[in-house]
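Please look at the chain below before reading on. The report goes from the whole chain to single residues.

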Amino acid sequence: MMIWQLLQVRHLKDTPLVLVGKMWPGLIEWARSSMLSFDPPLAKPKDMTIPHGAANADEAIALIRGHHQIWVSAQEIRA
């Protein structure tokens with residue numbers, strides 16, 4: 001939760017938050033629907049896109065590789 005908060009307030013940048021295990025994808029989806037169902041919402045919709053759930057290591061590696069490709073592309077643009 002602390003890492004999620006650091007990402008929300010931009011103390012960490014360009015860092016994926018990947019939670020690995022069968023329970024995480026469902027829990028993340030539950031948190032999204034619960035936090036955004038109130039009026040006003042309990043969280044910003046953008047902040048609810050921070051965590052990514054991966055059921056296993058292969059899914060986690062794919063998420064990290066995808067994020068790395070985006071990061072590399074951004075570095076090339078900045079250079």
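What follows is a short report on a predicted model.

## Overall layout

The protein chain has 79 residues, and 16% of them are buried. It contains 3 helices and 2 strands. Read from the N terminus, these elements follow the order α-β-α-β-α. Helix H1 covers residues 2-8, and strand E1 covers residues 17-20. Helix H2 (23-36) and strand E2 (51-54) come with a loop between them. Helix H3 takes in residues 57-78.

The C-alpha trace spans about 45 × 30 × 20 Å along its principal axes. Contacts can also be sorted by how far apart the partners are in sequence. Among contacts between residues at least 6 apart, 61% join residues at least 24 apart.

## Surface and charges

The accessible surface of the chain is about 6,100 Å², and carbon and sulfur atoms account for 64% of that area. One nonpolar patch on the surface is formed by Ile-3, Leu-6 and Val-9, which together have about 240 Å² of accessible area. Ile-3 belongs to helix H1. Ile-3 has a relative accessible area of 40%, so it counts as partly exposed.

The chain carries 8 positive and 7 negative charges, and the mean positions of the two groups lie 5 Å apart.

## The salt bridge

How many salt bridges does the structure hold? There is 1. It joins the side chains of Glu-29 and Arg-32, with a distance of 3.9 Å from N to O. That value falls within the 4 Å cut-off for a salt bridge.

Why are Glu-29 and Arg-32 separated by about one helical turn? Both are in helix H2 and they are 3 residues apart, which means a separation of about one helical turn. Glu-29 is partly exposed, because its relative accessibility is 45%. Arg-32 is also partly exposed, with a relative accessibility of 24%.

## A buried acid without a salt bridge

Asp-47 sits in the loop between helix H2 and strand E2. Is Asp-47 buried or exposed? Asp-47 is buried, yet it has no salt bridge. The nearest side chain of opposite charge is that of Arg-10, 4.1 Å away. A salt bridge needs a side-chain nitrogen within 4 Å of a carboxyl oxygen, so a distance of 4.1 Å does not qualify.

Arg-10 is still a contact partner of Asp-47, as are Trp-4 and Gln-8, when residues up to four places away in sequence are set aside. Arg-10 itself is partly exposed, with a relative accessible area of 37%.

## Backbone details

Two residues other than glycine have a positive phi in the loop between H1 and E1. For Arg-10, phi is near 65°. For Asp-14, phi is about 55°. Asp-14 has 46% relative accessibility and therefore counts as partly exposed.

Another backbone detail concerns a peptide bond. The bond from Asp-39 to Pro-40 is cis, with omega near 5°. Pro-40 lies in the loop between H2 and E2, the loop that also holds Asp-47.

## Distances along the chain and in space

Thr-15 is in the loop between H1 and E1. Its relative accessible area of 33% makes Thr-15 partly exposed. Which residues does Thr-15 contact, leaving aside its neighbours within four places in sequence? They are Leu-7 and His-67. Thr-15 and Ile-77 are 62 residues apart in sequence, and their C-alpha atoms are 18 Å apart in space.

A second pair is Gln-75 and Gln-8, which are 67 residues apart along the chain and have C-alpha atoms separated by 22 Å. Gln-75 is part of helix H3, and its 28% relative accessibility places it among partly exposed residues. Gln-8 was named above as one of the residues that Asp-47 touches.

Methods. Residues are numbered from 1 along each chain as its sequence is written. This is a predicted model: local features need pLDDT of at least 70, side-chain atom pairs count only at pLDDT 80 or more; totals for chains, interfaces and linings use all residues. Side-chain values use heavy atoms; hydrogens and water are left out. Patches are made of residues with over 30% relative accessible area and no salt bridge: like charges are joined within 9 Å, nonpolar side chains (Val, Leu, Ile, Met, Phe, Trp, Tyr) within 5 Å. Accessible areas come from the Shrake-Rupley method with a 1.4 Å probe; for residues, only the protein chains shown count as cover. Helices (H or I, at least four residues) and strands (E, at least two) are DSSP runs, numbered from the N terminus. Buried means under 20% relative accessible area, exposed over 50%, partly exposed in between (1.4 Å probe, protein chains only). Lys and Arg count as positive and Asp and Glu as negative; His and the chain ends are not counted. Contact means heavy atoms within 4.5 Å. The place of a charge is taken as NZ of Lys, CZ of Arg, CG of Asp or CD of Glu.
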